[in-house]
Each structure stands twice: as C-alpha cells, then as structure tokens.
Amino acid sequence: MTDKKPKILVIGAGPMGLAAAYQAAKQGYDVEVLEADDRPGGMAAHFDFDGLSIERFYHFCCLSDEDTLELLDELGRPDAMKWVSTKMGYYLDGRLMRWGNPVALLVAPGIGFITKVRYGLQAFYSTLRSDWERLDKLTAREWFEGWLGKKGYQRLWASLMELKFYELSDNVSAAWVWQRIKRIGKSRKSLLEERLGYIEGGSETLVKLLIDAIEARGGKIHYSARAAKIMVEDGGVSGVDTADGRRFSAEHVISTIPTPFVPGLLAETAPEITAPYERIRNVGVVCILHKLTRPVTDNFWVNISDPSMDIPGFVEFSNLRPTGDDHIVYVPYYMPQTNPIYDESDDYFIEKSYGYLKQVNPALTDEDRKASHVARLRYAQPVCEPDFLSILPDPVTPVRGLQIADTCFYYPEDRGVSESARYAKKLVENIVEGRA
Ligand SMILES: Cc1cc2nc3c(=O)[nH]c(=O)nc-3n(C[C@H](O)[C@H](O)[C@H](O)COP(=O)(O)OP(=O)(O)OC[C@H]3O[C@@H](n4cnc5c(N)ncnc54)[C@H](O)[C@@H]3O)c2cc1C
C-alpha cells in the first residue's frame, strides 16, 4: 500500500512559485499552480519585443546566484549561464564617467578626495561584512551619512534613493541597501573587473525548464487563473477559488504573490491574519524599453544624479546579453503607485526617457529609436523599512496548511530570481518536515 501525499496548490507562477512547484513535484507531491497572467515568469516573464523575446523587466545574474546555477545544473542546462565583464557608469554634473571600481572612483571628477576614500571604504567593507542585525535598526540614510557625511550622501546617494522611493526614501533599512551593495560588489573577477551573468535565451530559459520538469512529474500549471479566495475550513486551508469561478481543492496552499494582494484573498475566510500583509509597502515601476540602432554607452548600468532628470539610472542590456544588431535599453521609473506620474501615458514615459538617453549621448537622434515598449508593475519592489525583521510574518500562517511569502521574505536580500528559488525550497521543506 502506498501513502498518497497531500495535494499542494501554489499561487503564482513566478520564479518562487515555479521553483516551489518543482521542488514539491520532485518530492512526489501532486502539484498545481494558479497563475493570473497569460504566461509564466512573473516579474521575470518575457514578451515579444518586435521579434525579440526578452524580459519585460531587465534581469542579470551575479556570481552569488547559487540557486539559479543549481537549478540550471539540475535541469540539464549548466551551459546556459553566461558570464560577461561589464562596466558601470555614473552621469553626474552633466557628464558620464566610469564608475564601479577603485580606479574609476579615484579619477572621477567633481567628488572630493575624502568622500571618495569614505565611499570606497564603505563599499569594500560591505563586501566583507556578514552581520547585519545592527543595520536592520538603521535607515539607509543614517548608514550612508555615517560613512560619507551629509554632504557625501547628498552628492552620491540621495537622488538614487529619492528617485526610487520618493517620500519613503528616508524609511528604507540600511540592511537592505547593504545587501544590494554586497551582492554587486562581490560579483567580480578582480577588484577592477565586474562580472555579471545572463541566461542564454533570457530568464525564459529557466522558466521553461522548470515548467517542463513540473509537467514531467505530473504537475499542472493553469494560466489566466487568478486566485480570488483562499478557502479555510476548520482552521485549515482547503483550497482556492479563482476569479472565473473555478475551485481547486488542496491540503496545502503556498501563496507567492506580492503580499499586498493577500488580504483580499483572505478577507472573507481568515481576516484575523491579514494585518501583517497590510503593513508591508511596495513601490511600483513603469519600465520603458527602447530598441535602438546604436548603443547609448558601453556600460551595462548607468547611475544618474542630475537635477534635470527624474530617473536614478538606466540599464543598457545589450552590453550584457547580445541582442543581435539592435541595442536594448531599459529605463525604470520606480515610484509609489500613489504618485500622479505613475498614471501618465506610455507616450509620456517613452518621450521623456528617450530624451534623457539623448542627453547622456547627444549623438543619438530620433531616427535611432526603432521601437519602444512600456511595462508596468503595481507592486514591484517591497519597501523594507528599518526593523523590518520584527514586522516580517512567519511564512507558516496560523491557518493550517497555508504558507504565504513574497520577495520581501528573504530580507535583507533584495528581490531576485535566485533568492526566490532558494526561498521556495524552504517553503516545501516546511511541508516535508511537518512545520506547515
Ligand atoms: C524592474 C525589475 C528588475 C529586476 N531585475 C532583476 C535582476 O536583474 N536580477 C534578478 O535576479 N531579479 C530581478 N528582479 C526581481 C525578480 O524578477 C523577482 O525577484 C522574481 O521574479 C520574484 O519571483 P517571485 O515568484 O517571488 O514573484 P513574482 O515574479 O512577482 O511572481 C508572482 C506571480 O504571481 C502572479 N499573481 C499575482 N496575483 C495573483 C493571483 N491573485 N492569482 C494567481 N497568480 C497571481 C503574478 O502574475 C506573478 O506571475 C527584477 C524585478 C523588477 C521588477
């Protein structure tokens, strides 16, 4: 006689949901995934940009992305990860300079020597540091000002923070910022050489491998299946109702959707547990992609601090992943969804962002822009405030069999494909080991 394993329903077919479904299917569980979108991948999903399959939002990998590497290896495509020596720039005082290594810092014009030394020390020390409990209690601003002084912070960091978080920028945890600096800082071949990675074919390659592996083990993925209500009976989860009226029964439910959506799913069935999810804030993003006939710069990433531009930077993706004869540039506008600019038209963002690229490289003309696309996400980046650890709920909820997590659950690490895949393992382990 065989013991039939309980059914697991995963909400969300982003990297966390797919990795959770894969891990569960591997352990012999009966798995189904509900995805609201018409395609898998979540924030890492692709679209057809005029014949080029590419992510709606730029995606790069770092040398520390062990869980992505492990998955590619396990799923038979270790060769898909490609590493590239990338460059970084900073557009400051109306000129573009090299950034991101000690020599670039030393020769950068317009920054005082003491500020440079302090900046370099903070960046270097961040890569060595592993304890972060003290940073969890500080704001990013306090931490930066402690190293660089108020003036140094204003010069090098203030506008990068303000143009991502706006009115929330003084309420971001130092631990979260530190972890971002560390992840990039450690992704180097040497002190002078940054190394970033991309997956051949884009994030879609990993997404497809996961789907094939899930389906090969009998798992199912349902698209355009928006979870509308998590069903609870006798203190335990019993399934999920979708917006189009279908009911999926299961003994375990793992929700991987952005937590701001969660209270709505539990409003009727378990309103007593929704308060922690209501507390977590996210900013949105309007991300513009431009397809150009020529490069803007030779950098992958360009920071911007310029009073005439309301963006913190842009990502010149073709300087990482080859995209044929075309040059792909992403210009992300992060902001709280309450900002009136968030609702501006696509044309507004296309014109404005392309104007900025022309400002950085005056040789660009309107004829160089072949196509543009605008992607929006209401909940794109959790705002991890100081003391975030104390407000972060346990993924195992008081409702038996129900786990809830999203990208902020692996704080202080920032959202990432590899991090979501790692967290997915933990969620499945909670079931296997009887904690959920
Ligand atoms: C602009 C931008 C740039 C990024 N750059 C990088 C990068 O360079 N490198 C990197 O590693 N990561 C990057 N990320 C982050 C990375 O994309 C995320 O960490 C990762 O996709 C998170 O996966 P997830 O499955 O946890 O969440 P998500 O990708 O958000 O997946 C959640 C899924 O749930 C679905 N969903 C929502 N509501 C419902 C519902 N009611 N019912 C059913 N399904 C629902 C969504 O459609 C989505 O598919 C970036 C993200 C953005 C926005």
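I431 touches I8, H252 and A436, leaving aside residues up to four places away in sequence. Contact here means C-beta atoms, placed from the backbone, within 7 Å. I431 sits in helix 14. Helices (H or I, at least four residues) and strands (E, at least two) are DSSP runs, numbered from the N terminus. I431 counts as buried, with 23 C-beta neighbours inside 10 Å. The burial scale works on C-beta atoms placed from the backbone: 20 or more others within 10 Å is buried, 12 or fewer is exposed, and in between is partly exposed.

The model is predicted; local features need pLDDT of at least 70, side-chain atom pairs count only at pLDDT 80 or more, and totals for chains, interfaces and linings use all residues. Residue numbers start from 1 along each chain as its sequence is written.

**Distant pairs**

I431 and R141 are 290 residues apart in sequence and 39 Å apart in space, C-alpha to C-alpha. E162 and V432 are 270 residues apart in sequence; their C-alpha atoms are 43 Å apart. E162 belongs to helix 7 (residues 158-165). It is partly exposed, because 16 other C-beta atoms lie within 10 Å.

**Domains and ligand**

The domain assignment gives domain 1 (7-83 + 200-280 + 393-432), domain 2 (101-189) and domain 3 (281-383). These bounds come from an automatic or database domain assignment. The centres of domain 1 and domain 3, taken over C-alpha atoms, are 28 Å apart. Across this pair, 15 residues of domain 1 are in contact with 19 residues of domain 3. The domain 1 side that touches domain 3 has 11 nonpolar, 1 polar and 3 charged residues. In these classes, Ala, Val, Leu, Ile, Met, Phe, Trp, Tyr, Cys and Pro are nonpolar, Asp, Glu, Lys and Arg are charged, and the others, Gly among them, are polar.

Where does the ligand lie? Both domain 1 and domain 3 give residues to the shell around the ligand, so it lies between them. There are 36 residues around the ligand, and G12, G14, M16, G42 and M43 come nearest. A residue is near a molecule if its C-beta atom, placed from the backbone, lies within 6 Å of it. By class, the shell has 21 nonpolar, 10 polar and 5 charged residues. Helix 1 (15-26), strand 15 (281-292), strand 19 (369-383) and helix 14 (417-432) each supply at least two shell residues.

**Strand 15 and its partners**

Strand 15 is largely enclosed by the rest of the structure, because 10 of its 12 residues are buried. Strand 15 pairs with strand 19 in the antiparallel sense over 11 bridges. Two strands pair if DSSP finds at least two bridges between them. Strand 15 also pairs with strand 18 (residues 327-335), antiparallel, over 9 bridges. Strand 18 in turn pairs with strand 17 in the antiparallel sense over 2 bridges.

Strand 17 (residues 313-316) is covered on both faces. G313 and V315 on one side, and F314 and E316 on the other, are all buried. In a regular strand the side chains alternate between the two faces of the sheet. Strand 17 is joined to strand 16 (residues 301-305) by 3 bridges, and the two run antiparallel.

Bridge partners from several of these pairings, and from the two open sheets below, are listed here.

| Residue | Bridge partner | Strand of partner |
|---|---|---|
| K291 | A371 | strand 19 |
| H290 | V329 | strand 18 |
| V315 | Y330 | strand 18 |
| N303 | G313 | strand 17 |
| D241 | R247 | strand 13 |
| S190 | E193 | strand 9 |

**Two open sheets**

One open sheet has 3 strands in the order 11-12-13, with antiparallel pairing. Strand 11 (227-233) and strand 13 (247-249) are at the edges with a single partner strand each, so one side of each is left without a neighbour in the sheet. The twist averages 25 degrees from one strand to the next. Axes are lines fitted to C-alpha atoms, for helices over the stretch in contact, and angles run from 0 to 180 degrees between N-to-C directions. Strand 12 (residues 236-242) pairs with strand 13 over 3 bridges, in the antiparallel sense.

Another open sheet has 3 strands in the order 5-9-8, again with antiparallel pairing. Its edges are strand 5 (81-86) and strand 8 (188-190); each has a single partner strand, so one side of each lacks a neighbour in the sheet. Here the twist averages 35 degrees from one strand to the next. Strand 8 and strand 9 (residues 193-199) run antiparallel and are joined by 2 bridges.

Terms used
Two residues are in contact if their C-beta atoms, placed from the backbone, lie within 7 Å.
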